[in-house]
Amino acid sequence: VNKADGLLRNAAATTVADYQQALRLIRPAGAKREVPVLGISALEGQGVFEVLEQIVGFHREMQDSGELKTLRARQSREWLWQAIRDEFLHSMIERVSLQDHVAELEQAVVEGRIPASLAARQLVEDFSQQRSGGAS
């Protein structure tokens, strides 16, 4: 919590205590590490080094345990699938022959005539048929 100086020193100390208590309440069972909450004053240069030490220490722990590598792999996998979804959607929307159909399906979903999942399935099937040379 920055601004732990001057007239805001007491408010910052209260905020630190509040955050510490909140984190204790939401801490998952079996959590390996307690999240530190520190009050700092960038203006006075107090606590900044301690925050940096906490960040570096946390990074080192994550690296040493292999957890960082695992999280990065999961993140990379999620980015891959998000990129695939984005490219697929962009490819579908770019097809002029499907643009009117997209608008029709969207309107049908908004009006409650068909569920979103059915509209999505219909659009993907139409796109697939067009890609494979089927009827449009």
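A salt bridge here is a side-chain nitrogen of Lys or Arg within 4 Å of a carboxyl oxygen of Asp or Glu. Keep that cut-off at hand for the exercises below, and remember that the model is predicted.

**Exercise 1. Which side chain does Arg-9 meet in a salt bridge, and which parts of the chain does the pair link?**

Solution.
- Start with the distance: the side chains of Arg-9 and Glu-44 come to 3.6 Å, N to O, and the cut-off is 4 Å, so the pair counts as a salt bridge.
- Next, place the partners. Arg-9 belongs to helix α1, while Glu-44 sits in the loop between α1 and α2; with their positions 35 residues apart, the pair links distant parts of the chain.
- Finally, look at exposure. Arg-9 is partly exposed at 38% relative accessibility, and Glu-44 is partly exposed at 38% too.

**Exercise 2. How many salt bridges does the rule give, and what are the partners of Glu-61 and Glu-111?**

Solution.
- The count is 3 salt bridges.
- Glu-61 pairs with Arg-33, their closest N and O atoms lying 3.0 Å apart. Because Glu-61 is in helix α2 and Arg-33 in the loop between α1 and α2, this pair ties together parts 28 residues apart in sequence.
- Both of these partners are partly exposed: Glu-61 has a relative accessibility of 43% and Arg-33 one of 24%.
- Glu-111 pairs with Arg-113, and here the closest N and O atoms are 2.7 Å apart. Glu-111 is partly exposed at 46%, whereas Arg-113 is exposed at 54%.

**Exercise 3. Where do the buried residues of α5 fall when seen down the helix axis?**

Solution.
- First check the helix itself. Its 16 residues, 116-131, should span 22 Å at 1.5 Å a residue, and the end C-alpha atoms are 22 Å apart, which agrees.
- Now list the buried residues: Ala-119, Leu-123, Asp-126, Phe-127 and Gln-130.
- Down the axis of α5, the buried residues fall within an arc of 100 degrees, so they line one face of the helix.

**Exercise 4. Which residues join Val-56 in a nonpolar surface patch, and how far is Val-56 from Ala-13 in space?**

Solution.
- Val-56 is part of helix α2, residues 48-65, and is partly exposed with 38% relative accessible area.
- Phe-49 and Leu-52 complete the patch with Val-56, and together they have about 290 Å² of accessible area.
- Ala-13 is in helix α1, residues 9-26, and is partly exposed at 46%.
- Measuring C-alpha to C-alpha on the model, Ala-13 and Val-56 are 24 Å apart in space and 43 residues apart in sequence.

How values were computed. Residues are numbered from 1 along each chain as its sequence is written. This is a predicted model: local features need pLDDT of at least 70, side-chain atom pairs count only at pLDDT 80 or more; totals for chains, interfaces and linings use all residues. Side-chain values use heavy atoms; hydrogens and water are left out. Patches are made of residues with over 30% relative accessible area and no salt bridge: like charges are joined within 9 Å, nonpolar side chains (Val, Leu, Ile, Met, Phe, Trp, Tyr) within 5 Å. Accessible areas come from the Shrake-Rupley method with a 1.4 Å probe; for residues, only the protein chains shown count as cover. Helices (H or I, at least four residues) and strands (E, at least two) are DSSP runs, numbered from the N terminus. Buried means under 20% relative accessible area, exposed over 50%, partly exposed in between (1.4 Å probe, protein chains only). The expected span of a helix is 1.5 Å times one less than its number of residues. The arc is that of the directions from the helix axis to the C-beta atoms.
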